[in-house]
Amino acid sequence: MSDANPLQPPWLNAPPVDPYPYEESHDLRVGPKLHPSLDALLPYVGVWRGRGRGGFPTIEDFDFAQEIRISHDGRPFLFYESRAWLLDEQSQPVRPAGREVGWWRPVLDGDRVTDELEALMSVPTGVMELHVGKRKGTQIEFVTDAVVRTATAKEVTAGQRLFGIVDGALLYAQEMAGVGHPLSPHLSARLVRVAG
């Protein structure tokens, strides 16, 4: 009988690996080629920064700044990352605010790209939203298909988001339902491209 532990995984004593070898880019001039199924979403790829206004029936209105990075790695989906921070009356940073990550991907009918999209969006406060959407030109409208929450997350039951590229800027409006309130305006912002 061998002294080797049959339950020992083969990777336990394997040599270290190099850093992640595949590039992700928010700049279409460098990095991998954009997957052909994403051609209609090309205007969204980049780094965007700007300001917006937020509120909800259960909280006071607030001003915020935000940076959104939309990138790709050559596969048929976009990576979405958002970081926001609250601003005071003099437009100075007060504290970090919302963070969100997600993936947008076009719906295919065989090899044909449709105008339908699917998106998965997650926030660190314990809410994940699955969105279905439709693209019309440079406008995208998402509605929640499902909302999943951790036991300690605030109640969110539905959402709707409208994104658009208008005069070269990224504009969006977001509605949310939760904590006993129906769909209500929550966030809106205008962001300009700063990279990509």
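Here is a short chat about the pockets, a surface patch and some salt bridges in this predicted model.

Visitor: Before we start, what pLDDT do side-chain atom pairs need to count?
Guide: Residues are numbered from 1 along each chain as its sequence is written, and side-chain values use heavy atoms, with hydrogens and water left out. The model is predicted, so totals for chains, interfaces and linings use all residues, while local features need pLDDT of at least 70 and side-chain atom pairs count only at pLDDT 80 or more.

Visitor: Which element gives the largest share of the lining of the largest pocket?
Guide: A pocket here is an open set of points on a 1 Å grid over the protein atoms alone, where a 1.4 Å probe fits, with protein on both sides within 12 Å along at least five of seven lines; lining residues have an atom within 4 Å of a point. The largest pocket has a volume of about 990 Å³, taken as the space filled by probe spheres set on the points, which are joined across faces, edges and corners. Of its 34 lining residues, Gly98, Thr125, Met176, His186 and Leu187 are the closest to the centre. Six lining residues, the largest share, come from strand 4.

Visitor: How many residues of that lining are nonpolar?
Guide: Ala, Val, Leu, Ile, Met, Phe, Trp, Tyr, Cys and Pro count as nonpolar, Asp, Glu, Lys and Arg as charged, and the others, Gly among them, as polar. On that split, the lining of the largest pocket has seven charged residues, eight polar ones and, for the nonpolar class, 19.

Visitor: And which element gives the largest share of the lining of the second largest pocket?
Guide: The second largest pocket holds about 190 Å³ of space. Among its 15 lining residues, Ala173, Gln174, Glu175, Pro185 and Leu187 lie nearest the centre. The lining divides into four nonpolar, six polar and five charged residues. Four residues, the largest share, come from strand 10, strands being DSSP runs (E, at least two residues) numbered from the N terminus.

Visitor: Is Met128 in the nonpolar patch buried or partly exposed?
Guide: Val101, Trp103, Leu120, Met128, Leu130 and Val148 make a nonpolar surface patch of about 450 Å², where members have over 30% relative accessible area and no salt bridge, and nonpolar side chains are joined within 5 Å. Areas come from the Shrake-Rupley method with a 1.4 Å probe. Buried means under 20% relative accessible area, exposed over 50%, and partly exposed in between. Because its relative accessibility is 36%, Met128 counts as partly exposed.

Visitor: How far apart are the C-alpha atoms of Val192 and Arg51?
Guide: Val192 lies in strand 10. Val192 and Arg51 are 141 residues apart along the chain, yet their C-alpha atoms are separated by 9.4 Å.

Visitor: Which residue forms a salt bridge with Glu129?
Guide: A salt bridge is a side-chain nitrogen of Lys or Arg within 4 Å of a carboxyl oxygen of Asp or Glu, and the structure holds 14 of them. Glu129 sits in strand 6 and its partner in strand 8, 32 residues apart. Both residues are buried. At 3.7 Å, N to O, the partner is Arg161.

Visitor: Is Arg29, which pairs with Asp27, buried or exposed?
Guide: The side chains of Asp27 and Arg29 meet in a salt bridge of 2.9 Å, N to O. Asp27 counts as buried because its relative accessibility is 16%. With a relative accessible area of 66%, Arg29 is exposed.

Notes. Patch = residues over 30% accessible without salt bridge, like charges linked within 9 Å, V, L, I, M, F, W, Y side chains within 5 Å. Buried < 20%, exposed > 50% of the residue type's maximum accessible area, 1.4 Å probe, protein only.
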